[in-house]
Amino acid sequence: DGPQRKKRKSEVGEVDKQLDILAIGTAVGSILLYSTVKGELQSKLDGGHDSRVNCVRWHQDNCCLYSCSDDRHIVEWNTQTCKVKCKWKGDNSSVTCLCISPDGKMLLSAGRTIKLWDLETKEVYRHFTGHATSVSSLMFTTVKSMNESKPFDGITGLYFLSGAIHDRLLSVWYIRSDRKERNSVMSFTVTDEPTFVDLTVSEVKEEPVKLAVVCRDGQLHLFELILNGYCKKPLTSNCTIQIATPGNDGDSTPKPVPILAAAFCTDKQSLLLVYGNTLQPIIEKVSLNTSESRICLVRDVEKVLSLKTDAALTKVKTPVVNSDTKVLVPGIPGHSTAVKTPASGKEKKKNKRKPGETEESIEERLGALDIDVSKVKTPGGLPQTDSFAVLLVQGLESNDAEILNKVLNTRKENIVKNTVARMPIHAVIPLLHELTKRLQGNPYSASVMVRWLKSVFTLHASYLSTLPDLIPQLGMLYQLMESRVKTLQKLSRLHGRLFILVTQVAASQTGQDVPEVNQTAKLVYEDDSSSEEGSDDEMIADKDSDENWDEDEEKEEQSDEQDMTVEKEINGDSDLEPDNESEEE
(Lines give C-alpha, C1' and ligand atoms only; values in the text may rest on other atoms or scores of the structure.)
Protein backbone atom coordinates (compact mmCIF):
# COMPACT_ATOMS: atom_id res chain seq x y z
CA ASP A 1 0.00 0.00 0.00
CA GLY A 2 3.02 2.30 0.41
CA PRO A 3 3.76 4.64 3.31
CA GLN A 4 0.81 6.41 4.89
CA ARG A 5 0.76 10.19 5.11
CA LYS A 6 1.99 11.68 8.36
CA LYS A 7 -1.01 13.06 10.25
CA ARG A 8 -0.93 15.74 12.89
CA LYS A 9 -1.08 13.80 16.13
CA SER A 10 0.68 13.90 19.43
CA GLU A 11 4.01 12.07 19.73
CA VAL A 12 2.45 9.47 22.04
CA GLY A 13 -0.05 8.59 19.33
CA GLU A 14 2.73 8.17 16.77
CA VAL A 15 4.65 5.85 19.12
CA ASP A 16 1.56 3.72 19.79
CA LYS A 17 0.94 3.50 16.07
CA GLN A 18 4.45 2.13 15.46
CA LEU A 19 4.45 -0.41 18.30
CA ASP A 20 2.34 -2.95 16.42
CA ILE A 21 4.61 -3.06 13.34
CA LEU A 22 6.54 -6.28 12.77
CA ALA A 23 9.56 -6.10 10.43
CA ILE A 24 10.25 -9.27 8.43
CA GLY A 25 13.41 -9.75 6.34
CA THR A 26 13.06 -11.89 3.22
CA ALA A 27 15.42 -14.10 1.22
CA VAL A 28 15.25 -11.83 -1.84
CA GLY A 29 16.51 -8.74 0.02
CA SER A 30 13.28 -6.83 0.70
CA ILE A 31 11.80 -6.09 4.15
CA LEU A 32 8.06 -6.37 4.88
CA LEU A 33 6.38 -4.19 7.52
CA TYR A 34 3.38 -6.10 8.88
CA SER A 35 0.74 -4.58 11.15
CA THR A 36 -0.20 -7.11 13.83
CA VAL A 37 -3.27 -5.10 14.86
CA LYS A 38 -4.74 -4.78 11.37
CA GLY A 39 -3.48 -8.21 10.31
CA GLU A 40 -2.22 -6.95 6.95
CA LEU A 41 0.92 -5.83 5.16
CA GLN A 42 1.48 -2.12 5.73
CA SER A 43 4.45 -1.41 3.44
CA LYS A 44 7.49 -2.92 1.76
CA LEU A 45 11.10 -1.68 1.91
CA ASP A 46 12.95 -2.26 -1.38
CA GLY A 47 16.22 -1.20 -2.94
CA GLY A 48 18.51 -1.68 0.05
CA HIS A 49 19.83 -5.23 -0.25
CA ASP A 50 20.72 -7.43 -3.20
CA SER A 51 20.76 -10.68 -1.23
CA ARG A 52 19.17 -12.49 1.73
CA VAL A 53 18.36 -10.35 4.80
CA ASN A 54 19.91 -11.97 7.89
CA CYS A 55 18.86 -9.65 10.72
CA VAL A 56 16.46 -6.73 11.31
CA ARG A 57 16.57 -4.45 14.40
CA TRP A 58 14.31 -1.55 15.42
CA HIS A 59 15.96 1.59 16.78
CA GLN A 60 14.64 3.34 19.90
CA ASP A 61 13.40 5.98 17.48
CA ASN A 62 10.43 4.04 16.09
CA CYS A 63 10.76 5.38 12.54
CA CYS A 64 14.28 3.98 12.15
CA LEU A 65 15.17 0.40 11.25
CA TYR A 66 18.52 -1.34 10.69
CA SER A 67 19.10 -4.45 8.57
CA CYS A 68 22.07 -6.55 7.43
CA SER A 69 22.44 -9.00 4.58
CA ASP A 70 24.63 -11.50 2.74
CA ASP A 71 25.59 -8.65 0.40
CA ARG A 72 27.99 -7.44 3.19
CA HIS A 73 26.11 -4.16 3.75
CA ILE A 74 24.20 -2.57 6.63
CA VAL A 75 21.21 -0.38 5.75
CA GLU A 76 19.50 2.28 7.84
CA TRP A 77 15.84 2.70 6.81
CA ASN A 78 13.29 5.45 7.30
CA THR A 79 10.07 3.47 7.75
CA GLN A 80 7.78 6.50 7.20
CA THR A 81 9.13 7.27 3.74
CA CYS A 82 10.07 3.58 3.09
CA LYS A 83 13.43 4.70 1.69
CA VAL A 84 17.09 4.01 2.48
CA LYS A 85 18.45 6.61 4.88
CA CYS A 86 22.05 5.35 4.80
CA LYS A 87 23.92 2.29 3.51
CA TRP A 88 27.50 1.23 4.24
CA LYS A 89 29.73 -1.84 3.97
CA GLY A 90 29.72 -3.76 7.24
CA ASP A 91 32.22 -6.56 6.61
CA ASN A 92 34.28 -8.37 3.97
CA SER A 93 31.90 -11.33 4.22
CA SER A 94 28.17 -11.54 4.93
CA VAL A 95 26.86 -9.63 7.98
CA THR A 96 24.74 -12.05 10.03
CA CYS A 97 23.64 -10.20 13.19
CA LEU A 98 22.94 -6.70 14.58
CA CYS A 99 22.32 -5.18 18.03
CA ILE A 100 21.70 -1.54 19.01
CA SER A 101 23.22 -0.11 22.20
CA PRO A 102 20.90 0.91 25.08
CA ASP A 103 21.35 4.64 24.40
CA GLY A 104 20.79 4.16 20.65
CA LYS A 105 24.06 5.83 19.57
CA MET A 106 26.09 2.67 18.83
CA LEU A 107 25.46 -0.42 16.72
CA LEU A 108 27.00 -3.88 17.04
CA SER A 109 27.36 -5.85 13.80
CA ALA A 110 28.80 -9.33 13.37
CA GLY A 111 29.94 -11.60 10.58
CA ARG A 112 33.11 -13.47 11.48
CA THR A 113 34.34 -10.47 13.54
CA ILE A 114 32.25 -8.21 15.77
CA LYS A 115 32.36 -4.47 15.11
CA LEU A 116 31.00 -1.59 17.18
CA TRP A 117 29.87 1.31 14.96
CA ASP A 118 29.25 4.97 15.79
CA LEU A 119 25.84 5.62 14.20
CA GLU A 120 26.50 9.33 13.66
CA THR A 121 29.76 9.00 11.72
CA LYS A 122 29.24 5.36 10.53
CA GLU A 123 32.83 4.58 11.56
CA VAL A 124 34.15 1.55 13.47
CA TYR A 125 34.62 2.35 17.16
CA ARG A 126 35.93 -1.07 18.34
CA HIS A 127 36.85 -4.51 16.92
CA PHE A 128 36.26 -7.82 18.76
CA THR A 129 37.67 -11.15 17.53
CA GLY A 130 37.23 -14.66 18.88
CA HIS A 131 34.59 -16.62 16.92
CA ALA A 132 35.68 -19.04 14.21
CA THR A 133 32.25 -19.21 12.56
CA SER A 134 29.47 -16.73 11.74
CA VAL A 135 27.87 -15.03 14.74
CA SER A 136 24.18 -15.90 15.17
CA SER A 137 23.19 -13.86 18.27
CA LEU A 138 24.21 -10.50 19.78
CA MET A 139 22.72 -8.72 22.81
CA PHE A 140 23.76 -6.27 25.52
CA THR A 141 23.71 -7.64 29.08
CA THR A 142 24.10 -4.38 31.01
CA VAL A 143 22.59 -0.92 30.66
CA LYS A 144 25.02 1.07 32.85
CA SER A 145 28.72 0.88 33.54
CA MET A 146 29.62 -1.12 36.64
CA ASN A 147 32.49 1.26 37.42
CA GLU A 148 30.77 4.12 39.23
CA SER A 149 33.96 6.13 39.74
CA LYS A 150 34.13 7.22 36.10
CA PRO A 151 31.38 9.15 34.30
CA PHE A 152 29.34 6.98 31.94
CA ASP A 153 29.53 7.97 28.26
CA GLY A 154 26.79 5.58 27.11
CA ILE A 155 28.97 2.71 25.88
CA THR A 156 32.23 2.33 27.87
CA GLY A 157 32.01 -0.30 30.58
CA LEU A 158 29.07 -2.20 29.08
CA TYR A 159 29.01 -5.98 28.60
CA PHE A 160 27.47 -7.80 25.65
CA LEU A 161 26.92 -11.47 24.75
CA SER A 162 27.53 -13.29 21.45
CA GLY A 163 26.94 -16.81 20.13
CA ALA A 164 28.05 -18.40 16.86
CA ILE A 165 26.99 -21.22 14.53
CA HIS A 166 28.42 -24.68 15.44
CA ASP A 167 29.96 -23.18 18.60
CA ARG A 168 29.07 -24.53 22.06
CA LEU A 169 30.52 -21.48 23.83
CA LEU A 170 28.70 -18.19 24.40
CA SER A 171 31.16 -15.31 24.86
CA VAL A 172 30.82 -12.17 26.97
CA TRP A 173 32.71 -9.04 25.88
CA TYR A 174 33.65 -5.88 27.78
CA ILE A 175 33.84 -2.48 26.08
CA ARG A 176 36.89 -0.60 27.39
CA SER A 177 37.80 3.04 27.04
CA ASP A 178 41.12 2.06 25.45
CA ARG A 179 41.58 -0.26 22.47
CA LYS A 180 43.39 -3.01 24.38
CA GLU A 181 42.20 -6.57 25.01
CA ARG A 182 39.78 -7.31 22.21
CA ASN A 183 39.11 -10.89 23.43
CA SER A 184 36.14 -12.08 25.48
CA VAL A 185 36.27 -11.70 29.27
CA MET A 186 34.19 -14.83 30.04
CA SER A 187 32.26 -17.61 28.34
CA PHE A 188 29.35 -19.96 29.01
CA THR A 189 29.45 -23.60 27.87
CA VAL A 190 26.36 -25.51 26.69
CA THR A 191 25.71 -29.04 25.39
CA ASP A 192 25.03 -28.14 21.75
CA GLU A 193 24.85 -25.24 19.32
CA PRO A 194 22.64 -22.45 20.77
CA THR A 195 19.51 -21.80 18.71
CA PHE A 196 17.69 -19.29 20.93
CA VAL A 197 19.07 -16.95 23.62
CA ASP A 198 17.25 -14.65 26.04
CA LEU A 199 18.49 -12.75 29.10
CA THR A 200 17.48 -10.28 31.79
CA VAL A 201 19.45 -7.05 31.56
CA SER A 202 21.38 -6.00 34.67
CA GLU A 203 20.54 -2.41 35.64
CA VAL A 204 22.36 -2.27 39.00
CA LYS A 205 25.87 -3.41 39.82
CA GLU A 206 24.74 -6.06 42.35
CA GLU A 207 21.95 -7.42 40.15
CA PRO A 208 22.89 -10.71 38.47
CA VAL A 209 22.33 -11.38 34.78
CA LYS A 210 20.01 -14.31 34.09
CA LEU A 211 20.58 -16.16 30.83
CA ALA A 212 18.36 -18.76 29.11
CA VAL A 213 19.95 -20.72 26.23
CA VAL A 214 17.99 -23.21 24.11
CA CYS A 215 20.27 -25.68 22.28
CA ARG A 216 19.78 -27.69 19.12
CA ASP A 217 19.42 -30.91 21.15
CA GLY A 218 16.20 -29.53 22.70
CA GLN A 219 17.59 -28.72 26.18
CA LEU A 220 17.32 -25.41 28.04
CA HIS A 221 20.29 -24.14 30.09
CA LEU A 222 19.90 -21.42 32.72
CA PHE A 223 22.80 -19.27 33.93
CA GLU A 224 22.90 -16.65 36.70
CA LEU A 225 25.98 -14.48 37.20
CA ILE A 226 27.08 -11.06 38.42
CA LEU A 227 29.34 -9.56 35.78
CA ASN A 228 32.37 -8.15 37.55
CA GLY A 229 35.38 -8.59 35.29
CA TYR A 230 37.50 -11.34 33.80
CA CYS A 231 36.83 -15.07 34.26
CA LYS A 232 39.23 -17.60 32.75
CA LYS A 233 37.21 -20.84 32.97
CA PRO A 234 34.06 -21.42 30.91
CA LEU A 235 31.01 -21.36 33.19
CA THR A 236 28.53 -24.25 33.24
CA SER A 237 24.78 -23.87 33.64
CA ASN A 238 23.12 -23.54 37.04
CA CYS A 239 20.11 -25.49 35.86
CA THR A 240 19.17 -27.65 32.85
CA ILE A 241 15.53 -28.16 31.87
CA GLN A 242 14.22 -30.98 29.69
CA ILE A 243 10.71 -32.06 28.70
CA ALA A 244 9.61 -35.67 28.12
CA THR A 245 6.40 -37.65 27.63
CA PRO A 246 5.06 -39.80 30.52
CA GLY A 247 5.48 -43.04 28.57
CA ASN A 248 2.02 -44.52 29.11
CA ASP A 249 -0.31 -46.38 26.74
CA GLY A 250 1.73 -49.53 26.33
CA ASP A 251 5.03 -47.72 25.69
CA SER A 252 6.88 -47.41 28.97
CA THR A 253 9.83 -45.52 27.45
CA PRO A 254 9.48 -41.72 27.81
CA LYS A 255 10.23 -39.77 24.66
CA PRO A 256 12.03 -36.42 24.76
CA VAL A 257 10.09 -33.35 23.65
CA PRO A 258 12.33 -30.65 22.13
CA ILE A 259 12.25 -27.15 23.62
CA LEU A 260 12.13 -24.66 20.74
CA ALA A 261 12.49 -21.33 22.55
CA ALA A 262 12.40 -19.72 25.99
CA ALA A 263 11.93 -16.14 27.21
CA PHE A 264 11.94 -14.45 30.62
CA CYS A 265 8.74 -12.79 31.81
CA THR A 266 8.68 -9.21 33.10
CA ASP A 267 9.05 -10.37 36.75
CA LYS A 268 12.41 -12.02 35.79
CA GLN A 269 11.44 -15.09 37.87
CA SER A 270 9.09 -17.04 35.60
CA LEU A 271 9.87 -18.32 32.14
CA LEU A 272 7.84 -18.87 28.96
CA LEU A 273 8.67 -22.20 27.32
CA VAL A 274 7.88 -23.07 23.72
CA TYR A 275 8.07 -26.82 23.01
CA GLY A 276 6.69 -29.57 20.80
CA ASN A 277 6.37 -29.35 17.04
CA THR A 278 7.39 -26.25 15.08
CA LEU A 279 4.10 -26.41 13.17
CA GLN A 280 2.01 -26.59 16.37
CA PRO A 281 4.11 -25.26 19.26
CA ILE A 282 2.86 -25.30 22.83
CA ILE A 283 3.61 -22.22 24.97
CA GLU A 284 3.66 -22.65 28.75
CA LYS A 285 4.60 -20.35 31.62
CA VAL A 286 6.89 -22.03 34.19
CA SER A 287 8.06 -20.60 37.53
CA LEU A 288 11.78 -21.22 38.06
CA ASN A 289 13.32 -23.25 40.85
CA THR A 290 17.08 -23.10 40.32
CA SER A 291 18.00 -25.01 43.49
CA GLU A 292 18.01 -28.24 41.43
CA SER A 293 20.66 -28.64 38.76
CA ARG A 294 18.49 -30.75 36.43
CA ILE A 295 14.73 -30.54 35.95
CA CYS A 296 12.69 -32.84 33.71
CA LEU A 297 9.14 -31.69 33.04
CA VAL A 298 6.67 -34.44 32.13
CA ARG A 299 4.15 -33.30 29.53
CA ASP A 300 1.73 -35.52 27.63
CA VAL A 301 2.02 -33.80 24.25
CA GLU A 302 0.85 -36.81 22.24
CA LYS A 303 -2.75 -35.88 23.02
CA VAL A 304 -2.16 -32.49 21.44
CA LEU A 305 0.44 -33.36 18.81
CA SER A 306 1.39 -36.43 16.83
CA LEU A 307 5.16 -36.51 17.16
CA LYS A 308 7.12 -38.74 14.79
CA THR A 309 10.51 -40.00 15.87
CA ASP A 310 12.96 -41.33 13.30
CA ALA A 311 13.34 -45.09 13.57
CA ALA A 312 16.74 -46.72 13.20
CA LEU A 313 17.57 -46.99 9.53
CA THR A 314 18.46 -50.38 8.14
CA LYS A 315 19.31 -51.53 4.64
CA VAL A 316 17.61 -54.90 5.09
CA LYS A 317 13.90 -54.78 4.22
CA THR A 318 11.51 -57.67 4.61
CA PRO A 319 8.94 -57.75 1.78
CA VAL A 320 5.26 -57.92 2.62
CA VAL A 321 3.75 -60.74 0.51
CA ASN A 322 0.00 -60.98 -0.07
CA SER A 323 -2.27 -62.86 -2.42
CA ASP A 324 -2.23 -60.11 -5.09
CA THR A 325 1.53 -60.26 -5.54
CA LYS A 326 2.82 -60.46 -9.13
CA VAL A 327 6.06 -62.32 -9.78
CA LEU A 328 8.28 -60.77 -12.43
CA VAL A 329 10.17 -63.03 -14.79
CA PRO A 330 13.39 -62.29 -16.68
CA GLY A 331 12.95 -60.89 -20.18
CA ILE A 332 10.74 -57.94 -20.92
CA PRO A 333 10.49 -55.56 -17.91
CA GLY A 334 7.03 -55.33 -16.40
CA HIS A 335 5.89 -58.75 -17.55
CA SER A 336 4.18 -60.84 -14.90
CA THR A 337 3.21 -64.49 -14.82
CA ALA A 338 1.24 -66.61 -12.44
CA VAL A 339 3.22 -68.68 -9.97
CA LYS A 340 2.85 -72.34 -10.90
CA THR A 341 3.06 -74.75 -8.00
CA PRO A 342 3.97 -78.36 -8.82
CA ALA A 343 0.99 -80.72 -8.52
CA SER A 344 3.05 -83.60 -7.21
CA GLY A 345 6.63 -84.31 -6.31
CA LYS A 346 7.02 -86.72 -9.26
CA GLU A 347 6.80 -83.95 -11.91
CA LYS A 348 10.27 -82.49 -11.94
CA LYS A 349 11.84 -80.89 -14.96
CA LYS A 350 15.15 -82.25 -16.04
CA ASN A 351 17.67 -79.95 -17.65
CA LYS A 352 19.42 -82.73 -19.49
CA ARG A 353 17.98 -83.72 -22.87
CA LYS A 354 17.62 -87.25 -24.06
CA PRO A 355 19.58 -88.26 -27.16
CA GLY A 356 16.51 -88.40 -29.43
CA GLU A 357 14.92 -85.06 -28.37
CA THR A 358 15.30 -81.84 -30.31
CA GLU A 359 16.09 -78.55 -28.56
CA GLU A 360 13.15 -76.16 -27.99
CA SER A 361 13.20 -72.99 -30.05
CA ILE A 362 13.22 -69.54 -28.44
CA GLU A 363 9.66 -68.96 -29.69
CA GLU A 364 8.46 -72.08 -27.87
CA ARG A 365 10.28 -71.02 -24.71
CA LEU A 366 8.67 -67.58 -24.83
CA GLY A 367 5.32 -69.25 -25.39
CA ALA A 368 5.90 -71.36 -22.27
CA LEU A 369 6.47 -68.12 -20.34
CA ASP A 370 3.13 -66.72 -21.61
CA ILE A 371 4.86 -63.92 -23.54
CA ASP A 372 3.24 -62.78 -26.74
CA VAL A 373 5.80 -63.46 -29.46
CA SER A 374 4.22 -60.93 -31.82
CA LYS A 375 5.21 -58.16 -29.41
CA VAL A 376 8.85 -59.21 -29.56
CA LYS A 377 8.99 -59.76 -33.32
CA THR A 378 8.26 -56.47 -35.02
CA PRO A 379 8.01 -55.90 -38.78
CA GLY A 380 10.99 -54.31 -40.45
CA GLY A 381 13.32 -55.25 -37.65
CA LEU A 382 12.67 -51.99 -35.76
CA PRO A 383 13.77 -52.13 -32.13
CA GLN A 384 11.11 -51.96 -29.46
CA THR A 385 11.01 -49.53 -26.53
CA ASP A 386 12.54 -52.14 -24.22
CA SER A 387 15.48 -52.68 -26.54
CA PHE A 388 15.79 -48.90 -26.92
CA ALA A 389 16.24 -48.58 -23.15
CA VAL A 390 18.80 -51.40 -23.14
CA LEU A 391 20.63 -49.87 -26.12
CA LEU A 392 20.64 -46.45 -24.47
CA VAL A 393 22.18 -47.81 -21.26
CA GLN A 394 24.77 -49.77 -23.24
CA GLY A 395 25.65 -46.71 -25.32
CA LEU A 396 26.02 -44.53 -22.21
CA GLU A 397 28.21 -47.08 -20.42
CA SER A 398 30.44 -47.78 -23.43
CA ASN A 399 30.26 -44.20 -24.77
CA ASP A 400 29.48 -45.61 -28.21
CA ALA A 401 28.49 -42.72 -30.52
CA GLU A 402 26.84 -45.01 -33.10
CA ILE A 403 24.44 -46.59 -30.61
CA LEU A 404 23.65 -43.23 -29.01
CA ASN A 405 22.93 -41.65 -32.40
CA LYS A 406 20.60 -44.49 -33.31
CA VAL A 407 18.59 -44.08 -30.09
CA LEU A 408 18.70 -40.32 -29.49
CA ASN A 409 17.75 -39.31 -33.04
CA THR A 410 14.29 -40.82 -32.56
CA ARG A 411 11.58 -38.21 -33.09
CA LYS A 412 8.52 -40.18 -31.94
CA GLU A 413 7.17 -38.84 -28.66
CA ASN A 414 5.77 -42.11 -27.30
CA ILE A 415 9.03 -44.01 -27.94
CA VAL A 416 11.03 -41.28 -26.19
CA LYS A 417 8.69 -41.31 -23.17
CA ASN A 418 8.62 -45.10 -22.85
CA THR A 419 12.40 -45.39 -23.22
CA VAL A 420 13.04 -42.80 -20.50
CA ALA A 421 10.44 -44.45 -18.25
CA ARG A 422 12.02 -47.91 -18.60
CA MET A 423 15.67 -46.91 -18.25
CA PRO A 424 17.32 -47.58 -14.85
CA ILE A 425 17.75 -44.74 -12.35
CA HIS A 426 21.56 -44.81 -12.36
CA ALA A 427 21.62 -43.91 -16.07
CA VAL A 428 19.66 -40.65 -15.67
CA ILE A 429 22.64 -38.39 -14.83
CA PRO A 430 24.90 -39.83 -17.63
CA LEU A 431 22.01 -39.32 -20.06
CA LEU A 432 21.67 -35.67 -18.96
CA HIS A 433 25.42 -35.14 -19.49
CA GLU A 434 25.17 -36.65 -22.99
CA LEU A 435 22.14 -34.48 -23.81
CA THR A 436 24.04 -31.40 -22.59
CA LYS A 437 26.91 -32.20 -24.98
CA ARG A 438 24.54 -32.65 -27.90
CA LEU A 439 22.58 -29.48 -27.11
CA GLN A 440 25.73 -27.49 -27.82
CA GLY A 441 25.77 -28.76 -31.39
CA ASN A 442 23.72 -27.69 -34.39
CA PRO A 443 20.12 -26.47 -33.88
CA TYR A 444 18.60 -29.55 -35.58
CA SER A 445 20.09 -31.94 -33.02
CA ALA A 446 19.20 -29.51 -30.21
CA SER A 447 15.53 -29.56 -31.21
CA VAL A 448 15.55 -33.37 -30.98
CA MET A 449 17.45 -33.42 -27.66
CA VAL A 450 14.92 -31.09 -26.05
CA ARG A 451 12.28 -33.83 -26.34
CA TRP A 452 14.51 -36.21 -24.38
CA LEU A 453 15.21 -33.51 -21.79
CA LYS A 454 11.50 -32.87 -21.33
CA SER A 455 10.79 -36.57 -20.75
CA VAL A 456 13.72 -36.98 -18.32
CA PHE A 457 12.65 -34.01 -16.20
CA THR A 458 9.00 -35.06 -16.29
CA LEU A 459 9.49 -38.70 -15.33
CA HIS A 460 12.58 -38.53 -13.07
CA ALA A 461 12.06 -35.21 -11.26
CA SER A 462 11.58 -36.91 -7.86
CA TYR A 463 14.86 -38.81 -8.21
CA LEU A 464 16.77 -35.70 -9.34
CA SER A 465 15.46 -33.67 -6.40
CA THR A 466 16.97 -36.17 -3.95
CA LEU A 467 20.53 -35.75 -5.28
CA PRO A 468 22.67 -33.61 -2.93
CA ASP A 469 25.09 -32.53 -5.71
CA LEU A 470 22.42 -31.73 -8.29
CA ILE A 471 23.45 -28.07 -8.78
CA PRO A 472 27.05 -28.81 -9.88
CA GLN A 473 25.83 -31.79 -11.94
CA LEU A 474 23.35 -29.71 -13.96
CA GLY A 475 25.15 -26.35 -13.83
CA MET A 476 26.34 -26.44 -17.44
CA LEU A 477 22.89 -27.46 -18.71
CA TYR A 478 21.22 -24.63 -16.78
CA GLN A 479 23.68 -22.05 -18.13
CA LEU A 480 23.17 -23.39 -21.65
CA MET A 481 19.39 -23.13 -21.35
CA GLU A 482 19.68 -19.61 -19.87
CA SER A 483 21.87 -18.44 -22.77
CA ARG A 484 19.47 -19.98 -25.30
CA VAL A 485 16.34 -18.49 -23.73
CA LYS A 486 17.98 -15.07 -23.22
CA THR A 487 17.57 -14.21 -26.91
CA LEU A 488 14.02 -15.62 -27.16
CA GLN A 489 12.33 -12.32 -26.34
CA LYS A 490 14.38 -10.40 -28.91
CA LEU A 491 13.74 -13.11 -31.51
CA SER A 492 10.00 -13.02 -30.87
CA ARG A 493 10.00 -9.23 -31.34
CA LEU A 494 11.98 -9.59 -34.58
CA HIS A 495 9.60 -12.32 -35.71
CA GLY A 496 6.66 -10.01 -35.06
CA ARG A 497 8.19 -7.15 -37.05
CA LEU A 498 9.14 -9.42 -39.95
CA PHE A 499 5.63 -10.88 -39.94
CA ILE A 500 4.15 -7.38 -40.25
CA LEU A 501 6.54 -6.53 -43.10
CA VAL A 502 5.81 -9.78 -44.95
CA THR A 503 2.05 -9.26 -44.64
CA GLN A 504 2.36 -5.66 -45.90
CA VAL A 505 4.45 -6.77 -48.89
CA ALA A 506 1.97 -9.53 -49.67
CA ALA A 507 -0.95 -7.08 -49.39
CA SER A 508 0.73 -4.57 -51.73
CA GLN A 509 1.45 -7.32 -54.25
CA THR A 510 -2.16 -8.47 -54.23
CA GLY A 511 -3.23 -4.84 -54.66
CA GLN A 512 -0.96 -4.44 -57.69
CA ASP A 513 -2.22 -7.64 -59.31
CA VAL A 514 -5.64 -6.15 -60.17
CA PRO A 515 -4.62 -3.09 -62.30
CA GLU A 516 -2.08 -5.12 -64.25
CA VAL A 517 -4.93 -6.85 -66.08
CA ASN A 518 -6.35 -3.46 -67.13
CA GLN A 519 -2.95 -2.29 -68.37
CA THR A 520 -2.61 -5.31 -70.67
CA ALA A 521 -6.07 -4.52 -72.02
CA LYS A 522 -4.99 -0.95 -72.78
CA LEU A 523 -1.99 -2.16 -74.71
CA VAL A 524 -4.16 -4.39 -76.87
CA TYR A 525 -6.72 -1.63 -77.44
CA GLU A 526 -4.37 1.20 -78.52
CA ASP A 527 -4.49 0.75 -82.34
CA ASP A 528 -6.43 3.94 -83.07
CA SER A 529 -5.26 6.07 -80.20
CA SER A 530 -4.62 9.44 -81.84
CA SER A 531 -8.17 10.75 -81.52
CA GLU A 532 -8.44 9.55 -77.94
CA GLU A 533 -5.12 11.07 -77.03
CA GLY A 534 -6.23 14.33 -78.64
CA SER A 535 -9.42 14.37 -76.59
CA ASP A 536 -7.46 13.58 -73.49
CA ASP A 537 -5.10 16.42 -74.28
CA GLU A 538 -8.06 18.79 -74.70
CA MET A 539 -9.41 17.80 -71.30
CA ILE A 540 -6.03 18.31 -69.72
CA ALA A 541 -5.73 21.69 -71.45
CA ASP A 542 -9.09 22.78 -70.04
CA LYS A 543 -8.08 21.82 -66.53
CA ASP A 544 -4.50 23.05 -66.47
CA SER A 545 -3.17 26.53 -67.01
CA ASP A 546 -1.52 27.60 -70.24
CA GLU A 547 1.94 27.57 -68.70
CA ASN A 548 1.81 23.98 -67.49
CA TRP A 549 0.17 22.68 -70.65
CA ASP A 550 3.32 22.62 -72.79
CA GLU A 551 5.36 20.73 -70.18
CA ASP A 552 2.66 18.15 -69.58
CA GLU A 553 2.15 17.62 -73.31
CA GLU A 554 5.85 17.06 -73.86
CA LYS A 555 5.97 14.46 -71.11
CA GLU A 556 2.89 12.71 -72.44
CA GLU A 557 4.29 12.67 -75.94
CA GLN A 558 7.52 11.11 -74.74
CA SER A 559 5.68 8.42 -72.78
CA ASP A 560 3.31 7.73 -75.66
CA GLU A 561 6.22 7.40 -78.02
CA GLN A 562 7.84 4.84 -75.78
CA ASP A 563 4.55 2.92 -75.39
CA MET A 564 3.96 2.88 -79.12
CA THR A 565 7.45 1.73 -79.99
CA VAL A 566 7.25 -1.08 -77.45
CA GLU A 567 3.82 -2.07 -78.69
CA LYS A 568 4.82 -2.13 -82.31
CA GLU A 569 7.94 -4.08 -81.62
CA ILE A 570 5.77 -6.66 -79.90
CA ASN A 571 3.18 -6.71 -82.71
CA GLY A 572 5.86 -6.65 -85.46
CA ASP A 573 4.45 -3.37 -87.06
CA SER A 574 7.47 -1.18 -87.66
CA ASP A 575 6.06 0.67 -90.70
CA LEU A 576 5.90 4.06 -89.12
CA GLU A 577 8.99 5.55 -87.64
CA PRO A 578 8.83 7.39 -84.35
CA ASP A 579 9.41 10.77 -86.10
CA ASN A 580 6.48 10.31 -88.46
CA GLU A 581 4.27 9.21 -85.57
CA SER A 582 5.02 12.34 -83.59
CA GLU A 583 4.33 14.52 -86.63
CA GLU A 584 1.06 12.73 -87.14
CA GLU A 585 0.06 13.40 -83.53
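**Exercise 1. Work out which residues of strand E5 point which way, and whether they are buried or exposed.**

Step 1. Split E5 by side: Cys64, Tyr66 and Cys68 point one way, while Leu65, Ser67 and Ser69 point the other way. Strands (E, at least two residues) and helices (H or I, at least four) are DSSP runs, numbered from the N terminus.

Step 2. Check the cover. All of these residues are buried, where buried means under 20% relative accessible area, exposed over 50% and partly exposed in between (1.4 Å probe, protein chains only). For E5 (residues 64-69) that comes to six of six residues.

Before going on, a word on the model: it is predicted, so local features need pLDDT of at least 70 and side-chain atom pairs count only at pLDDT 80 or more, whereas totals for chains, interfaces and linings use all residues. Residues are numbered from 1 along each chain as its sequence is written, and side-chain values use heavy atoms, with hydrogens and water left out.

**Exercise 2. Find the strands that pair with E5.**

Step 1. Take E4 (residues 53-58): five bridges pair this strand with E5 in the antiparallel sense. Two strands pair if DSSP finds at least two bridges between them. Here Trp58 has Leu65 of E5 as its bridge partner.

Step 2. Turn to E6 (residues 73-78), which runs antiparallel to E5 and is joined to it by five bridges. The partner of Cys68 in E6 is Ile74.

Step 3. Look at the turn. The hairpin of E5 and E6 has three residues between the strands, and Arg72 takes a positive phi near 75 degrees there.

**Exercise 3. Describe how helices H5 and H7 are arranged.**

Step 1. Start with the axes, which are lines fitted to C-alpha atoms, for helices over the stretch in contact, with angles from 0 to 180 degrees between N-to-C directions. Those of H5 (residues 401-408) and H7 (residues 428-439) come within 13 Å and cross at roughly 85 degrees.

Step 2. Name the arrangement: H5 and H7 are therefore roughly perpendicular to each other. The classes are roughly parallel under 35 degrees, roughly antiparallel over 145, roughly perpendicular from 65 to 115 and oblique for the rest.

Step 3. List the contacts (heavy atoms within 4.5 Å). Ala401, Leu404, Asn405 and Leu408 of H5 meet Leu431, Glu434, Leu435 and Arg438 of H7.

**Exercise 4. Locate the buried residues of helix H6.**

Step 1. In H6 (residues 413-422) they are Ile415, Val416, Thr419 and Val420.

Step 2. Their arc, taken from the directions from the helix axis to the C-beta atoms, is only 125 degrees, so they lie on the same side of H6.
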